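Good morning, everyone. Please have a look at the structure on the screen, and I will then walk you through a few of its parts.

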There are 2 protein chains.
Amino acid sequence: MELEDTLLMMPGPVPVAPRVLRAMSKPMINHRGSEFAAMYDDCREIMADVFKTKNDIFVISGSGSAGMEAAVGCTLGSQDTAVTLENGKFGERFKSIASRYGKVNPVKAEWGHSFDLDEVERKLEEGAKILTLVHNETSAGILNPAKEIGKLTKKHDALFIMDGITSIGGDDVRIDEWGVDIAVTGSQKCIAAPPGLAMVSVSERAFEVMKGMDRMPYYLDLKAYKKSADKESTQTPYTPAVSLFFALQESLHIVKEEGMDARIKRHTTEGAAVRAAMSALGIEMFPQLKGETRYSNTVSAMKAPEGVSGDDIKKDMKKRGIIIAGGQDQLSGKIFRIGNMGNVMPKDIMLTLQQLEVVLMKRGVISELGTGLEAASEVLDTLL
Amino acid sequence: MELEDTLLMMPGPVPVAPRVLRAMSKPMINHRGSEFAAMYDDCREIMADVFKTKNDIFVISGSGSAGMEAAVGCTLGSQDTAVTLENGKFGERFKSIASRYGKVNPVKAEWGHSFDLDEVERKLEEGAKILTLVHNETSAGILNPAKEIGKLTKKHDALFIMDGITSIGGDDVRIDEWGVDIAVTGSQKCIAAPPGLAMVSVSERAFEVMKGMDRMPYYLDLKAYKKSADKESTQTPYTPAVSLFFALQESLHIVKEEGMDARIKRHTTEGAAVRAAMSALGIEMFPQLKGETRYSNTVSAMKAPEGVSGDDIKKDMKKRGIIIAGGQDQLSGKIFRIGNMGNVMPKDIMLTLQQLEVVLMKRGVISELGTGLEAASEVLDTLL
C-alpha cells in the first residue's frame, strides 16, 4: 500500500505544502512573457526580506551546489586564493569547488567542531580573495558564527561567500549586517519548495570583482543573471524551471504570511525542543561547541547511542513512515539527524520524537517512554 | 479572466499534459531512497530508446544550456580546440561556451543557411578535439545534417558533441549510428515535460577523454553523474529536482505509449503540414537549404511577409490565446516561428493555422481564408 504519505524529517528535501504542490501543477507558460516576469519579481521582493538584504537576488535552475559554484566560479580566478572553512561535508564541498577554479588555503576543523577564529584570521592575513563559509553545516548539525567570520573577512578585504542553504528562511540570517557578498540558499530547505532552484544574493562589491575575471563559468555566470533580471521584463538568461518558480512563489507567500520573525522563532524553538528531548533521553548532541558557535536550529545531529548504529535508527524510523537522516561520508553510522526545516510543525516533531522513543526502547537504549516527549512539549508549548 | 488555458505553439516550453502535471504534484520523497532510484532507472531505460543509444544517459537538474556546457566543459581543455558550427543562436551559444574553456575554430554560416561541409572538413583538418553541432537549430527552423557531419568528425578523430535539444524525442535521431559522443536534450521540448532538466548521453570514448582533463566544472562534471548513477542505488551527485523527475517519468511513459516511430512520424507530418499551409498562403520559409540540410520538423521558421513584422504576427496571435514565437537577436521582427514539439496534436496545428489566416487577412497579407487550412489538412490526414 503506497499512500505517498511519508513524513520527511530529513534536512531537505522537506515536505511540500499541498497548496504549493497545486501551484506547481499549473499549466506551462511562456518563460519570456510578462506573467513569468511578474512571478520572478514577486519572488525576489519577498526574498529580500528573507535574506535581509538590499543586494540583488537571482534564481538559478539547479541545486544549492550550483549556487555554491556560481559564487566561487564567478569570483575566484586561477591565480586567486580562497580561504575555505571546513567542519563538515558542505564546507569540504566549497573547498572542492574552489580547487577547480583557483588556489585554496583551507581552515579545517574536525567535522562538527568549532573553528579556531585565530586560525581563520591567520589564513586571511596570508592573502585571500574570497572566504567561503557554510553557515549551517547540515552534515554535522552545527551553526557557524557567520557574523564574527564576516567581520574578519571584511577586515582583510576578502569577499565573504556564505552557504546559507539550510539557514536562510529558517534561522536568523542578516546578509547585509554581516557583510555577506554572495549568499546562497536552496528551494528545498527552509523555504519548503521542491528541490531544483538555488537563490543567490550578490553585492555590488562582488559584481565589481567579477569585472576583473578572465574566465567565468557559462550557465552559472552571475553577470548573465543580473543582465537578464535588469531587463524591462525580468528574465533569466537560460530557460528557467517554470513549474518550480510557481512552487517557489507559493512557498514564499507562506513565508510572508507566517512572517520571518515568527518563522525564525518556530525553527529555533523546534530545534531547542529536539535538543531538550535528547538531553532528557540521555542522547548526546554531536557538535562540539566553542565561542559563538551554536547547535543548528534546523537540523539536530546526535551521536548514535552506544552499540547502535545511526543507520539502524534511521531504518527503524523508516519502517514507521518517518524519514530521518543518518551520517554522511566519514560520519556514516556514527550519528543520526532530525531536520525541522521549512513548514515542519510542532505536531510533526512530537510524532517523530514519540516514534524515536519507541525505537530507542526496542533497541534497549532507554527503559521508559515519555521522558523526551515531556521535555520537548514544554519547549514547544512556548509557541502557543 | 485568467483561465490558464493558453495554447503554447512555441519551440518550448511546450504544453504539459494534465497527467504529467498531476504526476509532478506528488508529495516529496527522499532523493537518496530506493523510490527515486527506481524512477531514475526507469527514465534512463526509456531514454535509451528515445536517443537510440547504448551510451549512459544522465539527467542534470538545469536547462538545456547546462547540458551543452557539461558536454563542452568536461572535454575541452584550455589548450584544446573546438570546431563550432554556427547557423543560428544556439550554434553561437556553443561557441560562447567553448570560448570559456578553450580555443574555438568556428564554422559560420548565415543564420538559417546551410553549412559548407568542405569548410567543416578543412577546419577539422586544422586540428580539433571536439566539434559542436546544433542538430535542430531552433532559432532558424533548420535541421542540420548530423549524420554527414558525424562522419567527418569521426574521420578526423574529434569528439562529436550534438545539441539535440529540439530534435531528440520528436525527430529521427540516431546517436550511436551517427557516432555522437555527447548528445544533449531538454525536458521541455519534444519530450514535453516542464523545463528544468537536461538529459545527456555520453560515450565511452568521451569518458576516456575526460580522464585527461586538468580542470572540469563541478556541478556539470559528467564523471560525477556517472559515479552516482553507477551506485547500487542509482543517484545523482547533487540534489535532483525531484518533482521534475516525477514529470519526466510520466512524460517518457507517454512517449513509450505512442512509440518512437509513431512519434517521429507525427512530428514530421505536422512540420510538413505547417510548410504546406505556408506554401499555399504564399509565405516563404526562412531557411536556405543545400545538400542534406532540411527544414526543421519541430519548429517552422517563416519570413515575415512584406510590410509586416514577425513580432506583430506574434502579438496578434497572443491576443487570440495562441503563443507562437518571433525571431531572436538578429532575426527579431524578421521571422515568426510555429513550434509543434512534444504532444502538440493535429487539432492544435489546425487551430493555429486557422487563427493565423485570420491574422494575415486582417493585416492584408492574404485575401481569402481556408487555402492554408486545406493544404495542411491534406497532409495531416495521412496520420489518421
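Let me begin with a term: a nonpolar core is a set of buried Ala, Val, Leu, Ile, Met, Phe, Trp, Tyr and Cys residues joined through side-chain atoms within 4.5 Å, where buried means under 20% relative accessible area and exposed over 50%, with partly exposed in between, for a 1.4 Å probe and protein chains only. What we have is a predicted model, in which local features need pLDDT of at least 70, side-chain atom pairs count only at pLDDT 80 or more, and totals for chains, interfaces and linings use all residues. Residues are numbered from 1 along each chain as its sequence is written, chains are lettered from A and ligands numbered from 1 in the order in which they are written, and side-chain values use heavy atoms, leaving out hydrogens and water.

The largest nonpolar core has 190 residues, and Leu222(A) and Leu222(B) touch the most other members. Beyond its neighbours within four places in sequence, Leu222(B) is in contact (heavy atoms within 4.5 Å) with residues including Ile60(B), Cys74(B) and Phe207(B).

How are the two chains related? A turn of 180° with a shift of 0.0 Å along the axis lays chain B on chain A with an RMSD of 0.0 Å, the superposition being by least squares on the C-alpha atoms of residues with pLDDT of at least 70 in both. That is the relation of a two-fold axis. In chain B, the C-alpha nearest the axis belongs to Gly62(B), 2.5 Å from it. Both copies use the same surface, since 100% of the contact residues of chain B recur in chain A.
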